[in-house]
Amino acid sequence: MNAYAPILVLGALGAAFAIFSVVMATLIGPKRYNRAKLEAYECGIEPTPTPAGGGRFPIKYYLTAMLFIVFDIEIVFLYPWAVTFDSLGLFGLVEMLLFVLTVFVAYAYVWRRGGLEWD
């Protein structure tokens with residue numbers, strides 16, 4: 001337990017600082033509200049009213065999100081491989097090349113099908 005005490009103390013200090021900062025900003029911060037500050041921020045574009053059931057997202061949004069997840073997972077597998085590259089030898093190199101080739105084929109497929117074009 002003594003080995004974890006500094007980590008717990010640092011976590012407690014970080015949490016206390018975060019809570020203190022939010023509370024103090026709320027108490028002593030300026031309170032000048034206007035119509036523009038109370039509206040939702042949409043990158044400078046005037047917000048449009050949404051339908052009663054909420055708006056529908058285009059399917060390309062979800063496809064782009066899934067493509068991001070695929071490449072994010074690839075990076076997660078590349079980090080341990082890079083750390084143990086010397087000990088894996090030629091077998092590790094060939095296996096990672098096959099893995100990257102598989103992901104590249106998926107990327108090329110999405111590219112050819114127009115999944116990366118945002119209209």
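## Helix H4: burial and bend

Gly92, Met96 and Val103 are buried in H4. The model is a predicted one. H4 covers residues 85-112.

This helix is not straight. H4 bends by about 75° at Phe91. The end-to-end span tells a matching story: H4 has 28 residues, yet its end C-alpha atoms are only 33 Å apart. A straight helix would reach 40 Å at 1.5 Å a residue.

## Helix H1: straight span, open setting

H1 runs over residues 5-28. Its 24 residues should span 34 Å at 1.5 Å a residue. The end C-alpha atoms of H1 are 34 Å apart, which agrees.

How many of the 24 residues of H1 are buried? The number is zero, so H1 lies largely in the open.

## A nonpolar surface patch

Nine names make up one nonpolar patch on the surface: Phe85, Leu90, Leu93, Val94, Leu97, Leu98, Leu101, Phe104 and Val105. The patch measures about 830 Å² in area.

Two members have their own exposure values. Leu101, found in helix H4, is partly exposed, with a relative accessible area of 47%. Phe85 is partly exposed too, at 34%. Both values pass the patch cut-off, which asks for over 30% relative accessible area. On a helix, spacing matters for direction: an α-helix has 3.6 residues a turn, so residues three or four places apart point the same way.

## Aromatic pairs

The whole structure holds five aromatic pairs. One of them joins Phe71 and Tyr107. Their ring centres lie 5.6 Å apart, with 85° between the planes, and the pair is edge-to-face. This contact links distant parts of the chain. Phe71 sits in helix H3 (residues 59-83) and Tyr107 in helix H4, 36 residues apart. Are these two residues buried, exposed or partly exposed? Phe71 is partly exposed, with a relative accessible area of 25%. Tyr107 is partly exposed as well, at 27%.

Trp81 and Phe85 form a further pair. Their ring centres are 5.2 Å apart and their planes stand at 75°, so this pair is edge-to-face. Phe85 also belongs to the nonpolar patch.

## The aromatic cluster

Which residues form one aromatic cluster? They are Phe71, Phe104, Tyr107 and Trp111. Phe71 and Tyr107 are the edge-to-face pair that links H3 and H4. Phe104 is also part of the nonpolar surface patch.

Terms used
Residues are numbered from 1 along each chain as its sequence is written. This is a predicted model: local features need pLDDT of at least 70, side-chain atom pairs count only at pLDDT 80 or more; totals for chains, interfaces and linings use all residues. Side-chain values use heavy atoms; hydrogens and water are left out. Patches are made of residues with over 30% relative accessible area and no salt bridge: like charges are joined within 9 Å, nonpolar side chains (Val, Leu, Ile, Met, Phe, Trp, Tyr) within 5 Å. Accessible areas come from the Shrake-Rupley method with a 1.4 Å probe; for residues, only the protein chains shown count as cover. A salt bridge is a side-chain nitrogen of Lys or Arg within 4 Å of a carboxyl oxygen of Asp or Glu. Helices (H or I, at least four residues) and strands (E, at least two) are DSSP runs, numbered from the N terminus. Buried means under 20% relative accessible area, exposed over 50%, partly exposed in between (1.4 Å probe, protein chains only). Rings of Phe, Tyr and Trp (its six-membered ring) pair if their centres lie within 6.5 Å; planes under 30 degrees apart count as stacked, over 60 as edge-to-face and the rest as tilted. The expected span of a helix is 1.5 Å times one less than its number of residues. The bend at a residue is the angle between axes fitted to the seven residues ending there and the seven starting there.
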